[in-house]
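Me: I would like to go through this structure and ask for the reasoning behind each label. Please set each value against its cut-off and then conclude.

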Amino acid sequence: MSIFKTAAAGEVNAKQLSKEGCRVTLSVEATPELITKAFQNAAVQVQSRAQMQGFRAGKVPLDLVKQNFAGHIKERALDLAVKNAISAALEKMQLNPVALPSLTKADFATFNDGQAFTFELAVDVAPEFDVKDYKGIEVTKKPETATEEEVKAQLDRILEGNARLESAAEGAVIDDKVYAVVQYKGKRNGEDDYKLSADSELIDMSAPQTMPELAQNILGLKKGDTKDYEVKEGEDTLSFHVIVDDIKNKIMPSLDDNFAKDMGFDNLESLKNRVQEGLNAEAKENSARDLVAQIEAHLVKTNEFALPESLVEEYTESSLNNFVRNVTQMKPEQLSAEQRKGFEERIRPTVEKDLRVGYIIHAIAKKENLEATQEDWQAELDKSLTANAKTKEDEKKIRAFFEERKDHILATLNERKVFDFLKKEAVVK
């Protein structure tokens, strides 16, 4: 049992001062009885750790502890009293916070043994709203099969991925369609700079380049030609000496039975069928995802309500930190105030939308009695065991995972049920 258990009846008084959106402000009074109890418990807890010369640790007489550790006792008593009072106040007012409540007003100088202590508390609760306009949502369903053009484009990408380079015929010149193999040495303001030099550099003449004006200056050159050129970079002068080692053309394989066999298929028709199947599966998945996105957009648009600000801030902070670590390879604490603000502005709308959808889905599930059951969870477990449990050890791990993540799995099944219901009720154009 938690040491911060709810105070006894009558030891805490609470009243609601205001409610704005999802934020409820309470006035909470811890009675003298609760404060005295908090000081008594605090004294015993401090005694268990107190050390004084002539006494074993934890065995210092209580009166000496009170004399010599009064500050520690008061600090501990405050913590105990406030946590007990908050727990009791929330229970008394029948409030279920979505985030940790916070003290918004308190005069700690008035906290004394045997005296009532009053403070104000901000509590964020789930939004209260009547979900509406979720039946008969008009949606446009995207095709679930790939077109001939999409299949051809995918086959072209496969050919591109299997292209090879061959040296051009003698006398060929560099144009914007070939690949050039060059070596160059660069100088910055007359001094050798290894960052501006390379051996056997392969250059795709059809693509943008990072080396300043290199591609432009080798146009028209042949194998074995050399060229010197200069460019300005700010206040610096960059000079280059370039030698053309080779000129190569990209050779595309022919789309025929031989190519298909090289790819592991019986013939070209088999390759095309596999490409069609893969694109069809992708199209079906994209169509289903787009359908959900349309439904979510409609639900968010037609169901407006305030969100718990502390929850929005918490999720925004968490999403921002994950994004920064995974995408920018930076640490969140390395961000400047301006960078952090920019990321928050980009991330917050998505966080708000996801939270709103979550509350709406929960409301629909409750209203339509679609909440996932123990039987649904068991069916999902059985399905996973059938598909993935090859050994007894596999079965053990899967069962442990399902038990550990039971609430999360039930929430996912709940969401799936609701969206199946919404799609069934939708009007497909």
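Me: Why is D156 called partly exposed?
Reply: In this predicted model, D156 has a relative accessible area of 32%. Buried means under 20% and exposed means over 50%, so D156, at 32%, is partly exposed.

Me: What makes D156 and K152 a salt bridge?
Reply: The closest N and O atoms of D156 and K152 are 3.1 Å apart. The cut-off is 4 Å, so the pair counts as a salt bridge. The two residues are four apart in helix α4, and therefore about one helical turn separates them.

Me: Why does K152 count as exposed?
Reply: The relative accessibility of K152 is 52%. Exposed means over 50%, so K152 counts as exposed.

Me: How do you know that K250 and E160 form a salt bridge?
Reply: Their side chains come to 2.7 Å, N to O, and the limit is 4 Å. K250 is in strand β11 and E160 in helix α4, so this salt bridge ties together parts that are 90 residues apart in sequence.

Me: Which accessibility class do K250 and E160 fall into?
Reply: K250 has a relative accessible area of 36%, and E160 has 41%. The partly exposed class runs between 20% and 50%, so K250 is partly exposed, and so is E160.

Me: What makes K37 and E11 a salt bridge that links distant parts of the chain?
Reply: The closest N and O atoms of K37 and E11 are 3.0 Å apart, against a limit of 4 Å. K37 is in helix α1 (residues 32–47), whereas E11 is in the segment before β1 (12–20), 26 residues apart.

Me: Are K37 and E11 buried or exposed, or in between?
Reply: E11 has 10% relative accessibility; buried means under 20%, so E11 counts as buried. K37 has a relative accessible area of 32% and is therefore partly exposed.

Me: How many salt bridges are there, and which residues are linked in a network?
Reply: The structure holds 26 salt bridges. R188, D193, E233 and D236 are linked in a network of them.

Me: What makes β11 a partner of β6, β7 and β10?
Reply: Pairing needs at least two bridges. Strand β6 (residues 164–167) and β11 (residues 236–251) have four, in the antiparallel sense; S167 has K248 as its bridge partner there. Strand β7 (residues 179–188) and β11 have 10 bridges, also antiparallel, with G186 opposite F240. Strand β10 (residues 226–233) is joined to β11 by eight bridges and runs antiparallel to it; one bridge partner pair is D228 and H241. In the hairpin of β10 and β11, two residues lie between the strands, and G234 takes a positive phi near 65°.

Me: What lines the second largest pocket?
Reply: The lining includes K142, E150, R157, E282 and N286. α7 gives the most, five residues. By class there are four nonpolar, four polar and four charged residues, and the pocket holds about 200 Å³ of space.

Me: Which residues lie nearest the centre of the largest pocket?
Reply: They are L355, V357, G358, Y359 and H362, among 28 lining residues. The volume of this pocket is about 840 Å³. The largest share of its lining, 10 residues, comes from α9.

Me: How do you know how confident the prediction is?
Reply: The chain averages a pLDDT of 93, and 99% of the residues score at least 70. Among the elements, helix α2 (residues 62–68) has the lowest mean, 89, and α7 the highest, 97.

Key. Residues numbered from 1 in each chain as written. Predicted model: local features only at pLDDT ≥ 70, side-chain atom pairs only at ≥ 80, totals over all residues. Heavy atoms only, no water. 1 Å grid on protein atoms, 1.4 Å probe; cavity = no way out; pocket = protein on both sides within 12 Å on 5 of 7 lines; lining within 4 Å. Points joined across faces, edges and corners; volume = space filled by probe spheres on them. Nonpolar A, V, L, I, M, F, W, Y, C, P; charged D, E, K, R; others polar. pLDDT = per-residue confidence, 0-100. Buried < 20%, exposed > 50% of the residue type's maximum accessible area, 1.4 Å probe, protein only.
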